[in-house]
Amino acid sequence: MSAVSDIQKRRQEIAISYFRMVDAGNPAVVDFFTEDARMFYPKFGIARGKAQIGAFTQGLARGIASLEHEIDGFTVLSSGNHVIVEGAEKGTTTSGVDFPDGVSSFGLFCNVFEFEGELIKRIHIYVDPDFANTHAEGVAWGKSVQDSIAGL
């Protein structure tokens with residue numbers, strides 16, 4: 001194997017370890033990041049640096065009692081300094097709502113990691129953050145579109 005494919009394989013392993021640590025609620029997950037890392041999360045925005053990323057993870061944990069990524073079903077792609085992971089997640093909110101519900105939440109996500117060496121420099125997380133389906137307007141829109149195409 002070439003050095004490039006070895007580093008890409010190592011980065012993929014780090015990305016998978018990231019998900020395991022997130023699922024375990026391990027605050028040491030920030031050790032996977034560079035000091036100046038950036039993280040994007042829908043409805044939150046951008047966290048800059050390990051301290052803000054750590055604060056985000058603590059804030060997310062206030063709303064999610066348990067989280068499990070279905071690691072065995074991941075699609076993992078690498079190119080250059082990037083690792084892209086697509087998959088599914090499930091869990092329970094702190095208010096006791098299990099997700100996804102399979103009706104208007106599906107637990108699908110895609111994370112785009114950019115690495116600097118073996119550390120994450122940037123991560124963009126693409127997921128619907130409405131785990132408990134409380135975003136009634138968005139759910140109503142989706143339902144209306146489903147209804148309109150049902151007759152096609």
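A nonpolar core is taken here as a set of buried Ala, Val, Leu, Ile, Met, Phe, Trp, Tyr and Cys residues joined through side-chain atoms within 4.5 Å. The model is a predicted one, and its largest core of this kind holds 31 residues. Y18 and F113 come out as the members with the most contacts inside this core. Quite a few elements chip in: α1, β1, α2, β3, β5 (82-93), β7 and β8 each supply at least two residues. The largest share, six residues, comes from α1.

Y18 is worth a closer look. Setting aside neighbours within four places in sequence, Y18 touches V29, F32, F33, N111, F113, I120, I123 and I125. So the contact list of Y18 includes F113, but also N111, and Asn is not among the residue types that count towards a nonpolar core.

That makes N111 the next stop. N111 sits in strand β7 and is buried, because its relative accessible area is 3%, while the cut-off for buried is under 20%. Again leaving out neighbours within four places in sequence, N111 is in contact with Y18 and F19, with the run V83, I84 and V85, and with I123, H124, I125 and Y126. One of these partners, V85, is 26 residues away from N111 along the chain, yet the two C-alpha atoms are separated by just 5.2 Å.

Now for the empty space. The largest pocket has a volume of about 520 Å³. Its lining is made up of 29 residues, and V22, T57, L60, A61 and L67 are the closest to the pocket centre. Two or more lining residues come from each of α1 (3-24), β1, α2 (49-61), β3 (64-69), β7 (108-116) and β8 (119-127). Here α2 gives the most, with six residues. Sorted by class, the lining has 20 nonpolar residues, alongside seven polar and two charged ones.

Strand β1, which turns up in both the core and the pocket lining, also takes part in a hairpin with β2. β1 (residues 33-41) and β2 (residues 45-48) run antiparallel to each other and pair over four bridges. In one of the pairings, F40 has I46 of β2 as its bridge partner. Three residues lie between the two strands, and in this hairpin K43 adopts a positive phi near 65 degrees.

Key
Residues are numbered from 1 along each chain as its sequence is written. This is a predicted model: local features need pLDDT of at least 70, side-chain atom pairs count only at pLDDT 80 or more; totals for chains, interfaces and linings use all residues. Side-chain values use heavy atoms; hydrogens and water are left out. Two strands pair if DSSP finds at least two bridges between them. On a 1 Å grid over the protein atoms alone, a cavity is a set of points where a 1.4 Å probe fits but cannot get out, and a pocket is an open set with protein on both sides within 12 Å along at least five of seven lines; lining residues have an atom within 4 Å of a point. Grid points are joined across faces, edges and corners, and a volume is the space filled by probe spheres set on the points. Ala, Val, Leu, Ile, Met, Phe, Trp, Tyr, Cys and Pro count as nonpolar, Asp, Glu, Lys and Arg as charged, and the others, Gly among them, as polar. Buried means under 20% relative accessible area, exposed over 50%, partly exposed in between (1.4 Å probe, protein chains only). Contact means heavy atoms within 4.5 Å.
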